[in-house]
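Student: Please take a close look at one part of this model for me. I would like the strand pairing in one sheet, and then how that part sits among its surroundings.

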Amino acid sequence: MPLDFTPIRTARLTLRPLSPEDAAPLHRLVNDWEVAKTLARVPFPYPRELADEWIAATWAQMAAGEAWHLAIEQGGALVGCIGLTLDRDRPREERAEQRRAELGYWIGRRAWGQGLAPEAAGALCAWAFESLGLAEIHASALRDNLRSQAVLRRIGLRPAGEGVQPFLSRGAKMPVLLFRGDRAALAAARPAPPPKPIVLVAAVALVDSDGRVLLAQRPEGKSMAGLWEFPGGKVDAGETPERALIRELKEELDIDVTEACLGPFTFASHSYEKFHLLMPLYLCRRWNGTVRGAEGQKLAWVRVQKLADYPMPPADVPLVAMLRDFL
Ligand SMILES: Nc1nc2c([nH]c(=O)n2[C@@H]2O[C@H](COP(=O)(O)OP(=O)(O)OP(=O)(O)O)[C@@H](O)[C@H]2O)c(=O)[nH]1
C-alpha cells in the first residue's frame, strides 16, 4: 500500500490510493457496458480477479513513479477511478519539467450528472503540475463520447487532433479526439475560490459640542484587539443599519439615539482575510444619556486633527481622512 500518498480533497470528493476492499465495488461499477464501452484499457465483461490485480498494479506503478491511479470517493463510497500515467516515449532521465502524462478516468453510472469527473480531474491535474512538475497533460475521448470531451474542455484541455486507439472493451480500434493542456491553461480553467462573505457592520462617528469624535478601543480577546474604532457592530438578519446602530449604542455606550439623528456620512469597503467588510458610517451629534463604556471598553473623545494618533483597523483609515476634511 503506498502509504506516503496524501489524499487529494475537493469540495465533494477524496482522491486516494485504491485498497483491496475497493476491488468488489470497483468491479461492480466498471463491469457495466455503459462505463466499459468508453474505456480503452478495460475488457468487457470485466473479470472479478482483474480488479485485485489492477489495484496491486496501481501500487507498484505509484511506487515506481510511473502512474498515479486513485480511487474517487464520495461520502465514503467508491464512485470511480482516475489516474495519470507518465508518457514513456521519452528518456527517463529527462528533466521533470518536460514530462507529459495521460489523464484517464471513469465514474460509475449512478454518480453521473453531478459534475464529479471535472471536479476530480481538475484537482488531480493541479496536484500533478505542483507535485510532479509536469509540462503537459493529455487525454483522449471516443469521437462520439461528447460528455467526456466536455469534461476535458472544462478542466482546460484543448483539442489536439484526432487518432485511432485500440479499445479492449470493443475488441476494435476506435476513432478518438485528442486533447492537451499545460499548467497555465488548466490553472486558468479552475474555478475561482468561493468569494468571501460580505459582513455588514454599521458604525457611527459621535461628535460632541466641541467637535470631538468618540473612539472605542477593541478589548483583549477580540480580533484586532487594542485598535480604536467607531462604535457600532454587525447588522443582524432582518435589521436595518440604523436599527442595528440604535441597538449597539444602547448596549455598548448606554445612550439612546433616534433614526432622525443618524446622518449617513460615508462607508468603508475593505477586504479582510476571511470576510469583506461593508461598513456604512453615520454622523450623530444628538443623543440622550451620558456616554459610558457599558461593556468595560476604553473610550476616547478625540479631536479630528488627533485621530491619526489612534491606531485603527485598516478599513477605517480612509474614513478618518474624510472626517478630518468634513468636520
Ligand atoms: N464597530 C466597528 N467595527 C469595525 C470598525 N472597523 C472595522 O474594521 N470593524 C470590523 O467590523 C466588525 C465589527 O463586528 P462587531 O463589532 O459586531 O463584532 P466583534 O467586534 O465582536 O467582531 P469579531 O469578534 O468577529 O471581530 C469587526 O470585525 C471589526 O473588526 C469600526 O470602526 N467600528
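Tutor: Gln 217 stands opposite Trp 228 in strand 11. This is a predicted model. The pairing joins strand 10 (residues 212-217) to strand 11 in the antiparallel sense, over 2 bridges.

Now widen the view to the sheet. The sheet is open, has 3 strands and runs in the order 11-10-15, with antiparallel pairing. Strand 11 (228-229) and strand 15 (299-303) stand at the edges. Each has a single partner strand, so one side of each is left without a neighbour in the sheet.

Next, the link between the two paired strands. Met 224 lies in the loop between strand 10 and strand 11. Its phi is positive, about 55°, although Met 224 is not a glycine. Is Met 224 buried or exposed? Met 224 falls in between: it is partly exposed, because 14 other C-beta atoms lie within 10 Å, while a buried residue needs 20 or more and an exposed one has 12 or fewer.

Asp 254 also has a positive phi, near 60°, in a residue other than glycine. Asp 254 is found in the loop between helix 7 (241-253) and strand 13 (263-271). Asp 254 counts as partly exposed, with 14 C-beta neighbours inside 10 Å.

Then the ligand. Which residues are closest to the ligand? They are Glu 229, Gly 232, Gly 233, Lys 234 and Pro 313, from a shell of 15 residues. Strand 11 spans 228-229, and Glu 229 is one of the closest residues to the ligand. Strand 9 (198-206), strand 12 (232-234) and strand 14 (276-284) each give two or more residues to the shell. Strand 12 gives the largest share, 3 residues. By class, the shell holds 8 nonpolar, 3 polar and 4 charged residues.

Now the cores. The largest nonpolar core has 51 residues. Those touching the most other members are Leu 15, Ile 72, Ile 82, Ala 120, Ala 121, Leu 124 and Ile 137. Helix 4 (residues 116-131) supplies the largest share of this core, 8 residues. A second, separate core has 30 residues, among them Val 204, Val 235, Met 279 and Ala 315.

Last, the overall frame. The protein has 8 helices and 15 strands. Buried residues make up 32% of its 327 residues. Of the contacts between residues at least 6 apart in sequence, 63% join residues at least 24 apart.

Technical notes:
Residues are numbered from 1 along each chain as its sequence is written. This is a predicted model: local features need pLDDT of at least 70, side-chain atom pairs count only at pLDDT 80 or more; totals for chains, interfaces and linings use all residues. A nonpolar core is a set of buried Ala, Val, Leu, Ile, Met, Phe, Trp, Tyr and Cys residues joined through C-beta atoms within 7 Å. Helices (H or I, at least four residues) and strands (E, at least two) are DSSP runs, numbered from the N terminus. Two strands pair if DSSP finds at least two bridges between them. Two residues are in contact if their C-beta atoms, placed from the backbone, lie within 7 Å. A residue is near a molecule or strand if its C-beta atom, placed from the backbone, lies within 6 Å of it. Ala, Val, Leu, Ile, Met, Phe, Trp, Tyr, Cys and Pro count as nonpolar, Asp, Glu, Lys and Arg as charged, and the others, Gly among them, as polar.
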